[in-house]
Each structure stands twice: as C-alpha cells, then as structure tokens.
Amino acid sequence: MEHFQESFTDAERAVLSRFFTNTDGPVFALVNLPEVVKGALFARYSRSAKSVRRLFLDEFVANPETGIEAMASALDGGDKQLDLKRAEDLYRRVFFEYGDDSVAQLGGVHLACEQASNILTKVLEWGRLAAYLEQSTRYVPYDGRLGGSFRYRVPPEIEGTDLAARFAGTADRLFATYADMAGQMRSIYEDRFPRQEGDSVGVWNATIKAKAFDAVRGLLPAATISNVGMYATGQAYEMALVRMRSNPLLEVREYSDLMLTELRKVIPSFLTRVDLEGRGVAWSDYLADVRDRLSIEAESIPSSRTAGREVTLTEWDPETEVKLAAAALYAVSEASDQDLLERARRMTETELATVINAAMGARTNRRHKPGRSAERSSYRFDVVCDFGAFRDLQRHRMMTIEWQPLTTRLGFDLPEDVAAAGLGERWEAAMEEADRLYEDLRETVGVDVAQYAVPLAFNIRFVMQLNLRQAFHLLELRTQPAGHPAYRWVCQEMHRQIAEVAGHRLLAAAMTFVDESVVDLERLESERKAEARRLASA
C-alpha cells in the first residue's frame, strides 16, 4: 500500500527527527515534547489541511512561546535509545514483580495517523479508552491535491486491475464535482447571508465557508483520506492493534503494522504480545473467526427496507423514571437497593417528579449533568442516516454503537440548499455513478471493499444503546445550533421518542438544553464567540 511522501529539507528533517519517530511514513509518534505542546498541536491539526509535521514546522518551531528550539538543543547531547532501554528495563522489572496488565494503562503515546481512508478512521476510533481528533470536513477544503492527485485511497484489493482505473475515474469526478459545487454554494450563501454590522470579515468568511463545505460534503467518497491524531495508553493501543489485525480490509491490516512499528519505538514493552502466536495472534484469529461465523448465519436473513433516514426507539425500560428515583436516593440514604425501589414504586406522580427534579438539580448549562444514578436504565435506537452524520455521532464511544457495512442500498441525502440551487440533477448523477461502481465492486471483491466507493451522502444503518446520563450528553450537545443539520435531526428525533414513545416525559423535560430551533448559519454564533475570546486574550 503506497502513501504520499512529503518533502522536507535537510534542515527540516534535522528538527523533525528530534520530535517524531520518523520523517517519511504516514504513521509516527510524537516524542520529547511537553504534553501541552502535543495537545495544542493535535487541536490545531483537526482544522488544518497540513500534515502534523508540516504544521509543527510552520507554526510551532518558530514560535518562541513553545520553546521548541531550546528543547532541540538540549536533546543534542543525549542518547535517546539508551534512555529508552533504561526505561524498558525498569518497566519489565515492575511488570514481572506485580504481574498486572494495568501497568500498561499508565504509559501513553501521541500518535499521528495520516492518509487514512474514512473507512479506516472509523476503525481507528472504535476504542473507548482513547482520545481522537480527526480532520474536519467542515473547516478543511477537500479540493486540494496531494502529490498531484485528489485525496482518496484506491482500495489495495483492486490495485493494478481494471476496477482500479474505473474507481479512480469515479473518485476524480466526485472530487471535481465537490470542488465546483463548494464554490457555487459559497457564492449563493454570500448573497443570501450578507455580512451583518458588527461582524468582522473573518467571522463572516469562516461561517460562510463552513456552511458551503457542510452542504457538499456528501459528495466525498468513503475512500477520502483524512488525518487522525490519537492519544492512548499502551493497553488501549494493544487492543486496537489486535482488533485491526483481524479486520477483513487490507488497508486496516497494513496500517496496523505501520502503527506497531512506530509505537515500538516509544513503548515497546507494552506491545510485546500483539504479534505473538499464542497471545495477540490467537486473539486476532478469534475475532476474525467470530465475524466469519456470524456472517454465515446472517446470509439467509433478508435486508430491511427503508424509505430514507429514520430513527426507531427499539428498547427501553418502562420503569426508568421509578428506577432513577430509587438510584438517586441510594447514596444519601441508609436503605437497601430493593427497599428504595419498592418505595419509589409506591410514590405518587408528584412525589416521583419531586425526587427526579432534585436529582437533576438546578442546571445552568449543559455540562451540568445528572450523576451515576442516571446510568441505571438505557435506551436502544436503530438509526438510518447519511454517513457524514454518522461520522459525528460515532465519536460518542461511551455508549454502545455498532454499524453495518456502508452501502448504496439505503438511499442518499440530497441537501435542500443544493436542490434549491439547481444542482440536484448533478448531485443525483454523481450518486448514481457511485452506486454502479459500488454494485460492481460488491459483486467482484465483496461488500467490505465496496464501501470505499460510497459517498458520504448515502445512508448507513447503525444502533446506539446509551444510558440516560449519556443521553443527556449526546442529545444536548448534538442539537446545539452550531451542529450539522443532519445529526441535529437524529438527536432531536431521539429526544422526541424518549418523551412520546417511551413515555419518559419527566426525563425528556429535564434535558433543558436540547435545542429544537431552526438555524440558518450554524457556525455564526460560535465564530463570534471564538473571535471575542481571541481579542480578549490578545
């Protein structure tokens, strides 16, 4: 699997080699940098089209506040490999003395994962106990090229075949259409939403660009490559690599090898088991075998039909409000769990509402969430929405989320603004071409590889199971006015069904920061606040 190799001067490589585990590959770890610098670098990374190494050179090295040059000078006199060997020797002594895998939870690595397809990024972001920042389709234009080509990956399974040439042709046309429509939508939004008095040109431009990119992101295929910044412990990386090595896609398996190579330059002892036959290899084989067995069982089950996007509450506990009241009283009483539950079942509606309101407290912003008593019951939703919206919802990893392979068979979204601009026929033609390619790939190389051809506008089916506490977080955050309309709709519908289908009106009413408003310029208020913060800190 080939990757674009970025060009650096000898002087730049000399600087980079002190802080990155390699200067050529798409996967590399950050070393010898303060945690605040690594965090700031990854935060900037998500809104930049640059690679993290180029960003580091352009915006961090020359900044005296980061102290990069002083750190580089101090490193010149040391032997990094010797220091690593000493640290590894110490780790082995601790590990063998205590014999506890939890030791691997205490060491972490910042890892840059670049040029990863949007299929791979979802695999990278599966793990719960890690932090991720992914390049944004809202802030980064995807009409630029990398090494002379648009930014997408041809699946390695078809490289060198006639299908590869056809895949590249379709992807090129999708990207060209995206670039053209992004420009047209930006002009339309500039006319529709003139700059308001008091707003700077910077605020207005950022808002208009974000809306234009949001409108046309559905044209980008899942093969589109992105950059992901990760921070995780040794244990979390071990679990991720074991899982990736069981994946049916070549890109995922080959990328896991790149990650393992770089991680072993920093925390080798934490990852000794990943490729051992009796340990990590056996674990990966087990995961692959389970997947294969279940796939066979699913072959005879017909596909479910849908008329488009949908949200269905499929499972809930009718006693959620009663159980919440009992759980909320547990930590402040001296009664048993069973006695409290029986007491809550005898409460009148007024008494129950009083306890629940007390448990919710006087919330003054959405970050004030109910305590762990709200984790007692859960909701399960079956969702169909466009892949672009799914990518944002999938980031909420503390809930249980599983998804089916991306397909063109569930239909696609045509944004109202795109249709109103007279671009609907072009959009539909692009989707139809992608659909034909998808079906031919599915027939030739299977459903997993065929996903690469599917644009983000097509729908995907997935399930979300979350407790009440997580529902507060997800629904109040993802319905905020700055959010994308596609996932705002999903979360607004989830909130409605908690109230009307489950009948948990007290709890739905307690989610006071769920926003049902209709917004024209999603990012305007956020950009205004960001500029105010910048001016205040200047």
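This report covers one pocket, one strand pair and two backbone angles in a predicted model.

## The second largest pocket

The second largest pocket holds about 1600 Å³ of space. Its lining counts 43 residues. Nearest the centre lie Arg 47, Arg 138, Tyr 139, Arg 523 and Ser 526.

Four elements give two or more residues each to this lining: strand S3 (130-134), helix H8 (201-216), helix H15 (387-393) and helix H22 (524-537). H22 supplies the largest share, seven residues. By class, the lining of the second largest pocket splits into 20 charged, 16 nonpolar and seven polar residues.

## Strands S1 and S2

Strand S1 spans residues 27-30. Val 27 and Ala 29 point one way, Phe 28 and Leu 30 the other. All four of these residues are buried. In a regular strand, side chains alternate between the two faces of the sheet.

S1 runs antiparallel to strand S2 (residues 108-117), and four bridges join them. Within this pair, Ala 29 stands opposite Leu 111 of S2.

## Two positive phi angles

Most residues other than glycine have a negative phi. Asn 32 has a positive phi, near 60 degrees. Asn 32 sits in the loop between S1 and helix H2 (35-45). Its relative accessibility is 33%, so Asn 32 counts as partly exposed.

Gln 115 also has a positive phi, near 55 degrees. Gln 115 belongs to strand S2. Is Gln 115 buried or exposed? Gln 115 is buried, because its relative accessible area is 10%, and buried means under 20%.

Terms used:
Residues are numbered from 1 along each chain as its sequence is written. This is a predicted model: local features need pLDDT of at least 70, side-chain atom pairs count only at pLDDT 80 or more; totals for chains, interfaces and linings use all residues. Side-chain values use heavy atoms; hydrogens and water are left out. On a 1 Å grid over the protein atoms alone, a cavity is a set of points where a 1.4 Å probe fits but cannot get out, and a pocket is an open set with protein on both sides within 12 Å along at least five of seven lines; lining residues have an atom within 4 Å of a point. Grid points are joined across faces, edges and corners, and a volume is the space filled by probe spheres set on the points. Ala, Val, Leu, Ile, Met, Phe, Trp, Tyr, Cys and Pro count as nonpolar, Asp, Glu, Lys and Arg as charged, and the others, Gly among them, as polar. Buried means under 20% relative accessible area, exposed over 50%, partly exposed in between (1.4 Å probe, protein chains only). Two strands pair if DSSP finds at least two bridges between them.
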